[in-house]
Amino acid sequence: MTIREIADLAGVSIATVSRVLNGRGDVAPETRRLVRRIIDEHGYTANRSARGLSAGRSGIVGVLVPLLYPAYFASILAGAAEALHEQDLRLLLSPTGHEHDREVTLIDRIAHGLTDGALIILPEESSDELARLIDRGYRFVVLDPLLPLEDRIPSVSAAHFSGADQALRHLLELGHRRIAHISGPEGWVATEDRRRGYHAALAAAGIPLDPAFEVGATPEIAPGRVAADALLDLPDPPTAIFAFNDNLAIGAVQAAQARGLRVPADLSVVGFDDVEPATIVTPALTTVRQPLAEMGRTAVSLLVRLLEGQLIETLHLELSTRLVVRQSTSVPRGSG
């Protein structure tokens with residue numbers, strides 16, 4: 001049996017079965033016993049899917065990622081690495097540094113026989129450049145597309161529009177009407193989708209869009225402080241800020257606290273991603289959770305199916321997002 005078949009019989013995830021097989025301790029004893037019983041009863045043939053790949057494969061998958069250290073990328077890599085291990089595939093990790101020419105060079109190297117395929121996270125290359133890779137017969141999957149992609153380029157992403165809508169509805173239900181947005185870099189798929197969600201939610205609530213309430217920033221903490229300062233300096237400042245990511249949201253919290261404002265009593269803040277810093281900042285951040293590890297796992301599954309020549313109904317997979325409410329949001333000051 002395969003890991004997937006064992007997981008289906010046990011009613012657990014593939015990741016849970018993998019943890020049991022690898023002797024990991026983070027599995028409930030009852031679940032561990034159930035998985036072990038199914039393995040004993042039905043047997044387990046490791047790496048069946050990987051061995052099904054055509055002869056001449058290297059068994060290596062290239063993974064191109066802009067940076068290694070931010071929690072966002074690390075979470076995606078963790079999911080991808082675990083899924084590759086389950087398929088008996090090895091990982092060739094290549095940081096690109098958000099540099100287009102460096103990324104092109106790295107892809108050119110790994111696509112010439114060194115790897116069977118690749119996962120490309122937040123690629124700097126254009127849709128046309130990536131399409132030429134497909135024309136050459138190289139198989140890859142894009143995770144979190146930076147720029148819009150043509151239909152035949154396989155991709156895995158999160159539901160950005162839905163996540164932004166959830167964040168805004170939360171703030172609106174609390175009673176906020178002056179809600180600002182710190183957006184990401186212009187032209188990014190995630191930036192534009194989250195901005196559309198912000199606009200749509202305000203329109204649905206009958207709130208006119210105030211251009212002064214939108215400020216763009218590089219998605220890091222320091223630019224978040226600068227952007228939030230600009231918003232808080234307005235004559236009639238916002239009572240809430242929805243930020244493009246958790247870094248910008250943390251910067252907004254710091255900017256508010258530096259001028260003596262209380263979060264959330266004086267200013268509510270919502271982020272996006274739900275990476276580890278969101279849970280340790282004070283106050284803990286209300287944010288939209290992206291299934292980052294699952295995005296990595298899903299991309300590996302899609303890539304393996306491409307390498308095996310399986311018929312695939314859709315090349316574009318969008319995973320759901322979910323609002324996580326913590327301590328950085330509350331009703332606006334003076335309400336109730």
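## A first look at the salt bridges and the sheet

The structure holds 18 salt bridges, each being a side-chain nitrogen of Lys or Arg within 4 Å of a carboxyl oxygen of Asp or Glu. This is a predicted model, where local features need pLDDT of at least 70, side-chain atom pairs count only at pLDDT 80 or more, and totals for chains, interfaces and linings use all residues. Residues are numbered from 1 along each chain as its sequence is written, and side-chain values use heavy atoms, with hydrogens and water left out.

Here are three of these pairs.

| Pair | Closest N to O |
|---|---|
| E82 and R297 | 3.5 Å |
| E150 and R152 | 2.6 Å |
| R333 and D266 | 2.9 Å |

E82 belongs to helix α5 (residues 71-86) and R297 to helix α13, so their salt bridge ties together parts that are 215 residues apart in sequence. Helices (H or I, at least four residues) and strands (E, at least two) are DSSP runs, numbered from the N terminus. R297 is buried, at 13% relative accessible area; buried means under 20%, exposed over 50%, and partly exposed in between, with a 1.4 Å probe and protein chains only.

E150 is partly exposed at 27% relative accessibility, and R152 is partly exposed at 36%. In the third pair, R333 is exposed at 64%, whereas D266 is buried at 14%. There is also a network of salt bridges linking E186, E192, R195 and E214.

Now to the sheet. In what order do the 6 strands of the open sheet stand? The order is β2-β1-β3-β4-β5-β11, with parallel pairing; two strands pair if DSSP finds at least two bridges between them. β2 (90-95) and β11 (316-319) stand at the edges with a single partner strand each, so one side of each has no neighbour in the sheet. Strand β5 (residues 155-158) is joined to β11 by 4 bridges, and V156 of this pairing stands opposite L317 in β11.

Helix α13 (residues 292-307) packs on the sheet, touching β1 (60-65), β3 (117-121), β4 (139-143), β5 and β11; contact means heavy atoms within 4.5 Å. The direction of α13 makes about 160° with that of β4. Axes are lines fitted to C-alpha atoms, for helices over the stretch in contact, and angles run from 0 to 180 degrees between N-to-C directions.

Elsewhere, helix α8 (residues 160-174) packs with helix α9 (residues 189-204) at an angle of about 35°, their axes being 7 Å apart.
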